[in-house]
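Me: Could you walk me through this model, starting with the ligands and then moving on to the sheet?

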Amino acid sequence: MAQLKDVLKKPSSFYDEFLRKPDNYQQDTHYCPGCGHGILHKLIAEAIEDFGIKDRTIMISPVGCSVFVYYYFDTGNFQVAHGRAPAVATGIKRTHPDAIVISYQGDGDLAAIGGNNILQAANRGENITVFFVNNAIYGMTGGQMAPTTLLGQKTMTSPYGRKATWEGYPMKVSELLSTLEAPAYVERIALTNGKNLMKARKAVRKAIQAQIDGKGFSLVETLSMCPSAWRMTPVDAKKWVEEAMMKTFPLGVYKDVLDEREVGSWHRALETVPIEKYHEILGLAHEGMEVEGDVESVPKIFRNPKVLIAGFGGQGILLLGQTLAETGMRHGWNSTWIPSYGPEMRGGTANCHVKISSDPIGSPVVSEPNILIAMNKPSLERFEKDLAPGGLLIYNTSMIDIKPTRTDIEILPLPATEMADEIGSLRVANMVIIGAVLEKTKILQKDVVLDSLNAVVKHKKFIPMNSDAINKGMEYARNYKG
Ligand SMILES: Cc1ncc(C[n+]2csc(CCOP(=O)(O)OP(=O)(O)O)c2C)c(N)n1
Ligand code: SF4
């Protein structure tokens with residue numbers, strides 16, 4: 001017969017000790033007595049243990065009282081910005097399709113600031129599991145009104161009770177999401193008594209199993225007690241869930257199409273599309289291109305270029321980045337480009353991030369570039385420190401009268417604007433820079449750059465001048481003796 005101590009043991013998907021504060025009693029969570037979060041944690045932890053998925057589970061914790069999920073679950077953990085858990089979960093799941101990704105969110109997090117995030121993730125049918133804790137209030141910040149606050153409920157920000165004509169109606173997330181076609185399973189549960197807990201346990205398992213089976217998006221909404229912000233005893237809080245919350249938020253299954261879905265039908269991965277496919281999709285005529293390129297001739301640091309290009313609006317910064325990204329793609333690599341610019345079309349600040357990689361790219365943001373192109377003085381001052389050691393700095397000496405200070409990087413001072421003027425137009429300064437990048441990094445080929453330009457430049461008559469500028473940039477970089 002099983003010993004009592006075995007039956008009551010902590011699931012192995014919890015840490016043995018919770019080390020949030022070394023001086024705390026290390027078996028305790030930080031939750032208030034009677035809080036629903038701890039109960040739901042336990043149900044999830046037991047399911048993770050029983051399914052044997054601890055080593056491939058990634059918990060995403062929100063901003064809210066459950067921010068410290070990562071101190072409790074001995075799984076992979078991410079703590080993310082308020083409301084953004086479904087977006088982060090999407091990125092992780094798509095790049096690691098075999099991970100079990102669990103988004104854990106409160107009602108302020110999921111239904112207020114993150115309302116659109118959850119809607120879009122559900123509508124895309126991401127193969128993730130969402131545990132949504134509805135306690136009708138913002139717990140962590142001391143009890144403000146949430147989208148789920150009941151009519152008549154007094155909170156710090158609805159001191160006279162929520163009124164439909166003033167603050168709107170309580171948002172019924174399960175009902176709302178179940179009108180979408182993509183979600184596979186949506187159920188609302190409560191943590192109040194033995195019967196409800198058994199149903200909750202079943203729902204938690206079903207939602208995780210749905211993901212394991214690759215059947216798509218599932219969400220379990222949990223009516224949860226918040227005795228502290230409700231100013232109630234734990235016993236009264238349970239009663240209030242049953243007597244008040246359940247009237248507005250009836251328990252039950254709102255959507256369940258799991259049996260209609262094939263195992264693996266929503267198990268989606270980022271696929272590397274073969275170059276021929278790109279050509280087909282984009283209607284490109286560049287046939288017989290070297291897909292892999294001569295990787296060995298490319299200096300190691302530039303094999304996965306992370307480029308930051310910065311200057312002011314009107315310097316062709318964005319076109320420069322677009323051309324590099326398009327060229328990378330035409331070489332058969334993955335590539336991303338994101339612009340960032342001020343509100344002014346001309347004269348404001350502008351920068352863009354380009355990544356080119358043989359691997360799928362998780363985030364398009366370049367926080368530590370290995371190639372920095374600074375077209376004006378503020379850009380050099382702002383971004384020089386971010387360049388990776390050993391990286392390449394190309395700066396436009398025509399517009400920058402200071403010298404870089406780093407000694408652990410390769411530096412190419414280039415009078416791009418003056419050279420462009422000599423070629424015939426200040427606007428081709430960006431092409432001079434591209435030439436220098438090609439020469440220094442060896443990762444991209446000039447004929448492919450010209451093909452890309454054809455695709456991204458509107459006025460084709462400038463292509464010969466651009467080509468000339470690229471040649472001049474290459475020549476300058478080849479002959480430069482630093
Ligand atoms: C961007 C941003 N806005 C606002 C806050 C303040 N804030 C912290 S937690 C929270 C709401 C938490 O409520 P909920 O998601 O319902 O979780 P609970 O604490 O009740 O579990 C808010 C508004 C923040 N941290 N970040
Ligand atoms: S404030 Fe509410 S939600 Fe937060 S830990 Fe306390 S009882 Fe739980």
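What follows is a set of questions and answers on this predicted model.

Me: Happy to start with the first ligand: how many residues surround ligand 1?
Reply: Good place to begin. His37, Asp107, Gly108, Asp109 and Gly139 are the closest residues. By class, the shell has six nonpolar, eight polar and two charged residues. The number of residues around ligand 1 is 16.

Me: Which helix gives the largest share of that shell around ligand 1?
Reply: The share in question is four residues. They come from the stretch 107-113, which is helix 5.

Me: What is the distance from a polar side-chain atom of Asp107 to an oxygen atom of ligand 1?
Reply: A polar contact needs N or O atoms within 3.5 Å. For His37, a polar side-chain atom lies 2.8 Å from an oxygen atom of ligand 1, and for Cys65 a polar backbone atom is 2.8 Å from a ligand oxygen. For Asp107, the side-chain distance is 2.4 Å.

Me: And how much of the area that ligand 1 exposes when taken alone does the protein bury?
Reply: Taken alone, ligand 1 exposes 590 Å². Of that area, the protein buries 72%.

Me: Turning to the second ligand, how many charged residues are in the shell around ligand 2?
Reply: The residues around ligand 2 include Tyr31, Cys32, Cys35, Asn135 and Ser228. By class, six residues of this shell are nonpolar and four are polar. The count of charged residues is therefore none, with Asp, Glu, Lys and Arg being the ones that would qualify.

Me: Now the sheet: what is the order of its strands?
Reply: This is an open sheet of seven strands with mixed pairing. Its edges are strand 2 (76-79) and strand 7 (252-256), each pairing on one side only. Neighbouring strands are turned by 15° against each other on average, direction ignored. The order is 2-1-3-4-6-5-7.

Me: Which residue in strand 6 is the bridge partner of Arg188?
Reply: Strands of a sheet pair through backbone hydrogen bonds, either parallel or antiparallel. Strand 5 (residues 185-190) and strand 6 (residues 218-223) pair in the parallel sense over six bridges. The partner of Arg188 is Glu221.

Me: Last one: at about what angle does helix 9 run to strand 5?
Reply: Helix 4 (residues 85-95) packs on the sheet, touching strand 1 (57-61), strand 2 and strand 3 (100-106), and its direction makes about 175° with that of strand 3. Helix 9 (residues 194-212) lies across strand 3, strand 4 (129-134), strand 5, strand 6 and strand 7. Its angle to strand 5 is about 155°.

Definitions and conventions
Residues are numbered from 1 along each chain as its sequence is written. Chains are lettered from A and ligands numbered from 1 in the order in which they are written. This is a predicted model: local features need pLDDT of at least 70, side-chain atom pairs count only at pLDDT 80 or more; totals for chains, interfaces and linings use all residues. Side-chain values use heavy atoms; hydrogens and water are left out. A residue is near a molecule or strand if one of its heavy atoms lies within 4 Å of it. A polar contact is a pair of N or O atoms within 3.5 Å; within protein, one must be able to donate a hydrogen and the other to accept it, and residues adjacent in sequence count only if both atoms are side-chain atoms. Accessible areas come from the Shrake-Rupley method with a 1.4 Å probe; for residues, only the protein chains shown count as cover. Helices (H or I, at least four residues) and strands (E, at least two) are DSSP runs, numbered from the N terminus. Two strands pair if DSSP finds at least two bridges between them. Axes are lines fitted to C-alpha atoms, for helices over the stretch in contact, and angles run from 0 to 180 degrees between N-to-C directions. Contact means heavy atoms within 4.5 Å.
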